[in-house]
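Q: I'm new to reading protein models, and I'd like a close look at one strand and the parts it pairs with. Could you walk me through it, and then show me how it sits in the rest of the protein?

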Amino acid sequence: MRNPFFLFLCLLAALSSFSAGAPSVSARETERPAAPLADIPGEETPSASSSTLPGGQDKSGRADSSQVTTDWRELAPGLELCEGRFHPSGAGARAGQPDFVILRVNPDLFTFSLHMASEGQTALSLEDWAKKYGLVAAVNASMYLPDNLTSTGFMRGPEHVNNPRLHGRFGAFFVAGLKDKTLGGNLPEAAVLDKFEFGEKLGEILDKYEIVVQNFRVVSAEGEVLWPDGGKKSGVALIGGDSAGRVLFVVGRAPLSTAGYARLLLGLDIGLRVLMYVEGGSEAGLLAREKGGYSVWRGSGFGLFRLGGSAGIVLPNIIGVRPKIAAE
């Protein structure tokens with residue numbers, strides 16, 4: 001059963017997503033009606049929070065990482081996992097578990113897939129999705145509406161559209177699967193895009209990809225934290241990109257605000273560029289296949305630190321990762 005707070009958020013998203021009429025002057029206040037992606041007009045850049053930053057953070061929103069420890073290991077060439085802790089005495093460390101986990105994926109060696117229950121399938125746990133499609137990694141694709149199927153933002157796979165509506169307040173897009181590599185130019189195989197970085201060319205770029213998933217920007221392409229300070233502290237799932245063109249799957253397990261996680265990640269030496277929100281609470285999850293089998297890390301629920309959450313939580317939409325050789 002979904003957390004009541006999240007059901008409230010989903011209801012608000014639904015009201016925004018399916019409201020009729022043309023966009024207002026402030027385009028980010030409403031969602032656009034369904035239209036070809038190439039017809040998306042430009043939008044004004046939303047303003048970031050101007051509240052005072054906590055101690056140890058500068059005006060750019062970067063956190064003091066001196067109290068953060070990270071342990072990186074290679075799962076396979078092009079696939080690296082980091083288990084991090086806020087400080088040695090953190091709640092996760094006391095239980096022998098990480099406070100956050102980062103999976104770094106090289107798109108030159110791995111391919112991404114989008115799996116949706118709305119394609120006539122059943123919502124599955126991360127592990128069951130992975131077993132069904134031979135995935136080596138997986139993460140939430142997006143928040144979803146109370147129908148337990150439809151993404152809150154635009155979502156399209158190679159052969160199925162889950163939600164055709166572009167949400168006016170969502171400024172980030174995960175893209176993967178260039179339709180025609182010969183016409184792609186310098187476009188990456190997969191990336192998280194900040195729509196304000198591309199302006200009127202955004203729709204044309206999105207149309208070149210088979211997989212497009214839209215959600216909130218948390219960090220802009222300029223490295224600015226856009227998520228407001230404060231709010232509920234919980235686990236979170238995020239998808240980002242780095243300066244080397246790799247894709248980052250992140251799950252924050254310990255209860256912390258989304259802005260807090262954004263600043264924590266910017267304080268690490270990982271070259272973070274754009275960061276997109278995909279889920280919060282105990283439904284936020286990340287899976288990776290290791291030598292001993294599948295490992296699943298889950299976020300904490302709102303106001304409650306349940307280490308690991310429930311690995312059996314079913315999800316309607318996930319993004320998966322497979323080695324390119326196995327996928328071909």
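A: Happy to! We need one term to begin with: a residue is called buried when its relative accessible area is under 20%. Please also keep in mind that this is a predicted model.

Now to the strand, β12, which covers residues 234–242. Nine of its nine residues are buried, so β12 is largely enclosed by the rest of the structure. For the protein as a whole, 51% of the 328 residues are buried.

Who are the partners of β12? Let's begin with β13, which spans residues 247–256. β12 and β13 run antiparallel and are joined by seven bridges. If you want to find one of these pairings on the screen, look for Ile 239, whose bridge partner in β13 is Phe 249. The two strands form a hairpin, with four residues between them. In that turn you will find Gly 245, which has a positive phi of about 85°.

β12 also pairs with β14, made up of residues 272–280. This pairing is antiparallel too, and it runs over seven bridges. Here a good place to look is Ala 237, which has Glu 279 as its bridge partner in β14.

Next, follow the chain to the end of β13. Ser 257 sits in the loop between β13 and α6, the helix of residues 258–267. With a relative accessible area of 12%, Ser 257 falls under the 20% cut-off and therefore counts as buried. Setting aside neighbours within four places in sequence, Ser 257 is in contact with Gly 230, Lys 232 and Lys 233.

Another loop residue worth a visit is Leu 315, in the loop between β16 (293–298) and β17 (317–323). Leu 315 is buried as well, because its relative accessibility is 1%, and the cut-off is 20%. Its contacts, again leaving out neighbours within four places, include Trp 129, Asn 140, Glu 283 and Arg 298. Leu 315 and Leu 149 are 166 residues apart in sequence, yet their C-alpha atoms are 8.7 Å apart in space.

Let's step back to the whole protein. It has seven helices and 17 strands. Of the contacts with a separation of 6 or more, 68% are between residues 24 or more positions apart.

There is also a pocket to explore, the second largest one, with about 530 Å³ of space. Its lining has 24 residues, and those nearest the centre are Thr 111, Phe 112, Ser 113, Glu 210 and Arg 322. The strand β4 (110–116) gives the most to this lining, with six residues. β8, β10 and α7 each supply at least two. By type, the lining divides into 11 nonpolar, five polar and eight charged residues.

Finally, how confident is the prediction? The mean pLDDT is 80, and 72% of the residues reach 70 or more. Over residues 4–64, however, the pLDDT is below 50, although this stretch has 113 contacts in the model beyond near neighbours in sequence. Residues 302–310 are also below 50, with 26 such contacts. Where pLDDT is low, the predicted coordinates should not be read in detail.

Technical notes. Residues numbered from 1 in each chain as written. Predicted model: local features only at pLDDT ≥ 70, side-chain atom pairs only at ≥ 80, totals over all residues. Heavy atoms only, no water. Buried < 20%, exposed > 50% of the residue type's maximum accessible area, 1.4 Å probe, protein only. Contact = heavy atoms within 4.5 Å. pLDDT = per-residue confidence, 0-100. 1 Å grid on protein atoms, 1.4 Å probe; cavity = no way out; pocket = protein on both sides within 12 Å on 5 of 7 lines; lining within 4 Å. Points joined across faces, edges and corners; volume = space filled by probe spheres on them. Nonpolar A, V, L, I, M, F, W, Y, C, P; charged D, E, K, R; others polar. Pairing = 2+ DSSP bridges.
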